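User: I am new to this structure. Please take a close look at one part of it, then show me what lies around that part.

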Amino acid sequence: MPDSSPTYILSQEQRDLLIQKLGTLEKQNVELQQSLREQQTQAAANTEDLFLELLEVADALEALLDYLENNSNPSPEFIERLPRNIGAVNRKYLSVLGKRQVLPIELQGDQPDFNLCRVVDREVRPDVPDQTITKVVRRGFRLGEKILRPAEIVTSKSE
């Protein structure tokens with residue numbers, strides 16, 4: 001069976017141009033592969049940093065839990081400091097998130113912005129106008145401009 005693939009005749013100028021373009025493509029390929037390796041290395045380092053910071057938060061929680069497990073009658077001083085200690089752990093955790101641009105959603109005013117929050121319940125409240133936010137059940141978070149999790153709220157309703 002004869003070879004039916006077409007034969008192309010290129011001038012020396014066309015061959016030189018083709019070789020030059022292939023060389024450029026090979027160079028770009030190597031540069032892209034190097035850039036990809038650098039990005040993967042940076043992503044791995046960022047992930048490690050995140051995990052190390054989260055482990056610090058876990059250590060603080062574990063220390064509180066260990067104390068409670070090993071002291072069936074915690075001292076009044078410990079009980080008095082407990083809200084501050086838990087608050088410090090929470091601030092550390094929010095700091096870890098904040099370093100990565102994961103920030104709590106701040107609701108403005110008492111009227112729901114349905115781009116930022118989701119109503120999960122309604123309660124009868126004659127003392128405030130209808131559709132007023134009466135409680136934030138779960139804080140919302142954003143990553144830059146993207147809403148990761150909307151705030152979950154309770155709003156008022158008329159009787």
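What lies 2.6 Å from a polar atom of the side chain of S156? Please start there and work outwards.

Analyst: The backbone oxygen of P129 lies 2.6 Å from a polar atom of the S156 side chain. That makes it a polar contact (N or O atoms within 3.5 Å; within protein, one able to donate a hydrogen and the other to accept it; residues adjacent in sequence count only if both atoms are side-chain atoms).

A word on the source. This is a predicted model, where local features need pLDDT of at least 70, side-chain atom pairs count only at pLDDT 80 or more, and totals for chains, interfaces and linings use all residues. Residues are numbered from 1 along each chain as its sequence is written, and side-chain values use heavy atoms, with hydrogens and water left out.

S156 sits in strand β6, residues 151–157. Strands (E, at least two residues) and helices (H or I, at least four) are DSSP runs numbered from the N terminus. S156 has 0% relative accessibility, so it counts as buried. Buried means under 20% relative accessible area, exposed over 50%, and partly exposed in between (1.4 Å probe, protein chains only).

Now the surroundings of S156. A contact means heavy atoms within 4.5 Å. Setting aside neighbours within four places in sequence, S156 is in contact with R122, E123 and R125. The list goes on with V128, P129, D130, Q131, T132 and T134.

T155 is in β6 too. Its relative accessibility is 0%, so T155 is buried. Beyond residues up to four places away in sequence, T155 touches P112, V119, D121, R122 and E123. T155 also touches Q131, T132, I133 and T134. In a regular strand, side chains alternate between the two faces of the sheet.

Q131 appears in the contacts of S156 and of T155. Q131 belongs to the loop between β2 and β3, with β3 running over 133–138. Q131 is not a glycine, yet its phi is positive, about 70 degrees. Most residues other than glycine have a negative phi. Q131 counts as partly exposed because its relative accessibility is 28%.

Which sheet holds β6? It is an open sheet of three strands, in the order β2-β6-β3, with mixed pairing. Two strands pair if DSSP finds at least two bridges between them. β2 and β3 are the edge strands, and each pairs on one side only. From one strand to the next, the twist averages 30 degrees. β2 and β6 pair in the parallel sense over seven bridges. In one of these pairings, C117 has A151 of β6 as its bridge partner.

V120 is in β2, residues 117–124. V120 counts as partly exposed because its relative accessibility is 38%. Neighbours within four places aside, V120 is in contact with V137, E152 and I153. R138 is 18 residues from V120 in sequence, and their C-alpha atoms are 9.8 Å apart.

There is another sheet to look at. This open sheet has three strands in the order β1-β4-β5, with antiparallel pairing. β1 (102–104) and β5 (146–149) stand at the edges with a single partner strand each, so one side of each has no neighbour in the sheet. The twist averages 35 degrees from one strand to the next. β4, residues 141–143, pairs with β5 in the antiparallel sense over three bridges. R142 stands opposite I147 in β5, while L143 has K146 as its bridge partner. The hairpin of β4 and β5 has two residues between the strands, and there G144 takes a positive phi near 65 degrees.

Q101 is in the loop between α2 and β1. Q101 is not a glycine, but its phi is positive, about 60 degrees. At 48% relative accessibility, Q101 counts as partly exposed.

That loop leads to the helices. Helix α1 (residues 12–70) and helix α2 (residues 76–99) pack at an angle of about 170 degrees, with axes 10 Å apart. The helices are therefore roughly antiparallel (over 145 degrees; under 35 is roughly parallel, 65 to 115 roughly perpendicular, the rest oblique). Where they meet, α1 supplies residues including L50, L54, V57, L61 and L64. The α2 residues include F78, L82, I86, V89 and Y93.

Methods:
Axes are lines fitted to C-alpha atoms, for helices over the stretch in contact, and angles run from 0 to 180 degrees between N-to-C directions.
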